[in-house]
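Morning, everyone. I have one structure to walk through today. Please keep the viewer open while I talk.

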Amino acid sequence: MPQEIIEVAFELPSMEVVSYLCKGCGLCVTHCPQKCIEFSDQFNELGYKYAQYKGEGCTGCGICFYCCPEPGAIKVYKKVRE
Ligand code: SF4
Ligand code: SF4
């Protein structure tokens, strides 16, 4: 399996919504225990107001990832365990 080295410019843990894959169901917004996901004011290419990370507060628990019904719409970033 190919390995990748990815440098990121944000604090970890963190998350990202791939906006064009989001269908705005709100499950991640509702279930994030840290309440750090919100709806954007913008519409995506599918016509949905997509979810987005507020920019702070994520613990990397992964709940949003597991409750999202759209494959690939949510990415959670955590540090690798040494
Ligand atoms: S990983 Fe957990 S804390 Fe972070 S945004 Fe998702 S549900 Fe919230
Ligand atoms: S759970 Fe997935 S599809 Fe639903 S609002 Fe969140 S990112 Fe969008």
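I will go from the overall fold to the strands, then the core, the ligands and a few single residues.

First, a caution. This is a predicted model. Please keep that in mind throughout.

Let's start with the fold. The protein chain holds two helices and four strands. Read from the N terminus, the order is β-α-β-β-α-β. How compact is the protein chain for its length? Its radius of gyration is 13 Å, and the globule rule gives 12 Å for 82 residues, so the chain is as compact as a globular protein of that length. The C-alpha trace spans about 40 × 30 × 20 Å along its principal axes. Of the 82 residues, 17% count as buried. Now the contacts. Take those between residues at least 6 apart in sequence: 67% of them join residues at least 24 apart.

Next, the strand pairs. Strand 1 and strand 4 run antiparallel, joined by four bridges. One pairing to look at is Met-15, whose bridge partner in strand 4 is Val-76. Strand 2, residues 37-43, pairs with strand 3, also in the antiparallel sense and over four bridges. Here Phe-39 has Ala-51 in strand 3 as its bridge partner. Strands 2 and 3 form a hairpin, with five residues between them. Look at Gly-47 in that turn: its phi is positive, about 90°.

Stay with strand 1 for a moment. In a regular strand, side chains alternate between the two faces of the sheet. Strand 1 shows the alternation. Met-15 and Val-17 point to one face and are buried. Ser-14 and Glu-16 point to the other face and are not buried.

Just ahead of that, in the segment before strand 1, sits Pro-13. The peptide bond joining Leu-12 and Pro-13 is cis, with omega about -5°.

On to the core. Which residues of the largest nonpolar core touch the most other members? The core has 14 residues, and the answer is Val-17, Cys-28, Ile-37, Ala-51, Cys-64 and Ile-74. Strand 1, residues 14-17, and strand 3, residues 49-53, each supply at least two core residues. The largest share is three residues, and it comes from strand 3. Val-17 is worth selecting on screen. Leaving out residues up to four places away in sequence, Val-17 touches Cys-22, Tyr-50, Ala-51, Gln-52, Tyr-53, Ala-73 and Ile-74.

Now the two ligands. Ligand 1 has 13 residues around it. Cys-32, Cys-58, Cys-61, Ile-63 and Cys-64 come nearest. By class, the shell of ligand 1 divides into nine nonpolar, four polar and no charged residues.

Ligand 2 has 14 residues around it. Nearest are Cys-22, Cys-25, Cys-28, Ala-51 and Cys-68. Helix 1, residues 27-31, and strand 3 each supply at least two residues of this shell. How does the shell around ligand 2 divide by class? There are ten nonpolar, two polar and two charged residues.

Cys-64 belongs to the core and is among the nearest residues to ligand 1. Cys-28 and Ala-51 belong to the core and are among the nearest to ligand 2.

Last, three lysines.

Lys-35 lies in the loop between helix 1 and strand 2. Its phi is near 55°, a positive value in a residue other than glycine. Is Lys-35 buried or exposed? Lys-35 is exposed, because 11 other C-beta atoms lie within 10 Å, and 12 or fewer counts as exposed.

Lys-54 sits in the loop between strand 3 and helix 2, residues 63-67. Lys-54 is partly exposed, with 13 other C-beta atoms within 10 Å. Beyond its sequence neighbours up to four places away, Lys-54 touches Cys-36, Ile-37 and Glu-38. Its C-alpha atom is separated by 14 Å from that of Leu-12, 42 residues apart along the chain.

Lys-75 is in strand 4, residues 74-77. Lys-75 is partly exposed, with 13 other C-beta atoms within 10 Å. Setting aside neighbours within four places in sequence, Lys-75 is in contact with Met-15, Glu-16 and Val-18. The C-alpha atoms of Lys-75 and Gln-34 are separated by 16 Å, with the two residues 41 apart along the chain.

That's the tour. Over to you for questions.

Terms used. Residues numbered from 1 in each chain as written. Chains lettered and ligands numbered in written order. Predicted model: local features only at pLDDT ≥ 70, side-chain atom pairs only at ≥ 80, totals over all residues. Rg over C-alpha atoms; globule rule 2.2 N^0.38 Å. Buried ≥ 20, exposed ≤ 12 C-beta atoms within 10 Å, placed from the backbone. Contact = placed C-beta atoms within 7 Å. Near = placed C-beta within 6 Å. Nonpolar A, V, L, I, M, F, W, Y, C, P; charged D, E, K, R; others polar. Core = buried A, V, L, I, M, F, W, Y, C linked by C-beta atoms within 7 Å. Pairing = 2+ DSSP bridges.
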